[in-house]
Amino acid sequence: KMDPRMALLLAHLSFNRGPWPADIQRLAPKVGLPEDADLMDIEAYMRNGKVDEIDEFPGHLVLLQRCCMVLSGLGMEMGAGRLSSAGMLRAQAAKLLEQEGLL
């Protein structure tokens, strides 16, 4: 179906701060989840194909997602709190998009 809500949900869970409760509450209405959604609601939502079905997931994105989660976990263990890879790379990404004339 190529529903953009699935991409938004996966991007937030994979590259922001993972299933952080405040992020889930903010994201839920945008992707069609109930306002009081929790991690189990997201799991059921994604697995049952309510938004879209994933036929193929590129391996390089899986590796990148795992790296982001490891870095986030290390940040928590070191006392830095839950870190967002997307947030840390946002300025550089915007600069690159601007240089390429895409922003």
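Which helix holds Ser14? The legends below start from the whole predicted model and then move in on that residue and several others.

**Figure 1. The whole chain is built from helices, with five helices and zero strands.**
Read from the N terminus, the elements follow the order α-α-α-α-α. The C-alpha trace spans about 40 × 35 × 25 Å along its principal axes. Of the 103 residues in the chain, 24% are buried. If you like contact maps, here is a handy figure: taking contacts between residues at least 6 apart in sequence, 53% join residues at least 24 apart. The accessible surface comes to about 7400 Å², and carbon and sulfur atoms account for 60% of that area.

**Figure 2. Ser14 sits in helix H1, which covers residues 4-15.**
That settles the opening question, so to speak, and the surroundings of the side chain come next. Ser14 has a relative accessible area of 9% and counts as buried because this value is under 20%. Setting aside neighbours within four places in sequence, its contacts are Gln65, Cys68 and Met69. One of these partners, Cys68, returns in Figure 4.

**Figure 3. Ten residues make up the largest nonpolar core.**
Its members are Leu9, Leu13, Ile24, Leu27, Ala28, Val31, Leu33, Ala37, Ile42 and Tyr45. Two or more residues come from each of H1, helix H2 (21-31) and helix H3 (39-47). H2 is the biggest contributor, giving four residues. For a closer look at one member, try Leu13: beyond its neighbours within four places in sequence, Leu13 is in contact with Gly18, Pro19, Ile42, Met46 and Met69. Among these partners, Ile42 is itself part of the core. Met69 is also in contact with Ser14.

**Figure 4. Cys67 and Cys68 are shown in a structure that holds zero disulfides.**
Why is there no bond from the sulfur of Cys67 to the closest cysteine sulfur? That closest sulfur belongs to Cys68 and is 6.9 Å away, which is too far for a bond. For comparison, a disulfide calls for sulfur atoms within 2.5 Å. Seen from the other side, Cys68 has its closest cysteine sulfur in Cys67, again at 6.9 Å and too far for a bond. The two residues also have their own levels of exposure: Cys67 is partly exposed at 39% relative accessibility, whereas Cys68 is buried at 9%.

**Figure 5. A nonpolar patch on the surface is formed by Val70, Leu71, Leu74 and Met78.**
Together these four residues have about 440 Å² of accessible area. Met78 lies in the loop between helix H4 (59-77) and helix H5 (85-99). Is Met78 buried or exposed? Its relative accessible area is 73%, and Met78 counts as exposed because this value is over 50%.

**Figure 6. Leu63 is an exposed residue of helix H4.**
The relative accessible area of Leu63 is 54%, and the residue is called exposed because this value is over 50%. The view also takes in Leu102, which is 39 residues away from Leu63 along the chain. How far apart are the C-alpha atoms of Leu63 and Leu102? They are separated by 26 Å. As a friendly last stop, Leu63 can be viewed alongside Met78 from Figure 5, which is likewise described as exposed.

Conventions: Residues are numbered from 1 along each chain as its sequence is written. This is a predicted model: local features need pLDDT of at least 70, side-chain atom pairs count only at pLDDT 80 or more; totals for chains, interfaces and linings use all residues. Side-chain values use heavy atoms; hydrogens and water are left out. Buried means under 20% relative accessible area, exposed over 50%, partly exposed in between (1.4 Å probe, protein chains only). Contact means heavy atoms within 4.5 Å. A nonpolar core is a set of buried Ala, Val, Leu, Ile, Met, Phe, Trp, Tyr and Cys residues joined through side-chain atoms within 4.5 Å. Patches are made of residues with over 30% relative accessible area and no salt bridge: like charges are joined within 9 Å, nonpolar side chains (Val, Leu, Ile, Met, Phe, Trp, Tyr) within 5 Å. Accessible areas come from the Shrake-Rupley method with a 1.4 Å probe; for residues, only the protein chains shown count as cover. A salt bridge is a side-chain nitrogen of Lys or Arg within 4 Å of a carboxyl oxygen of Asp or Glu.
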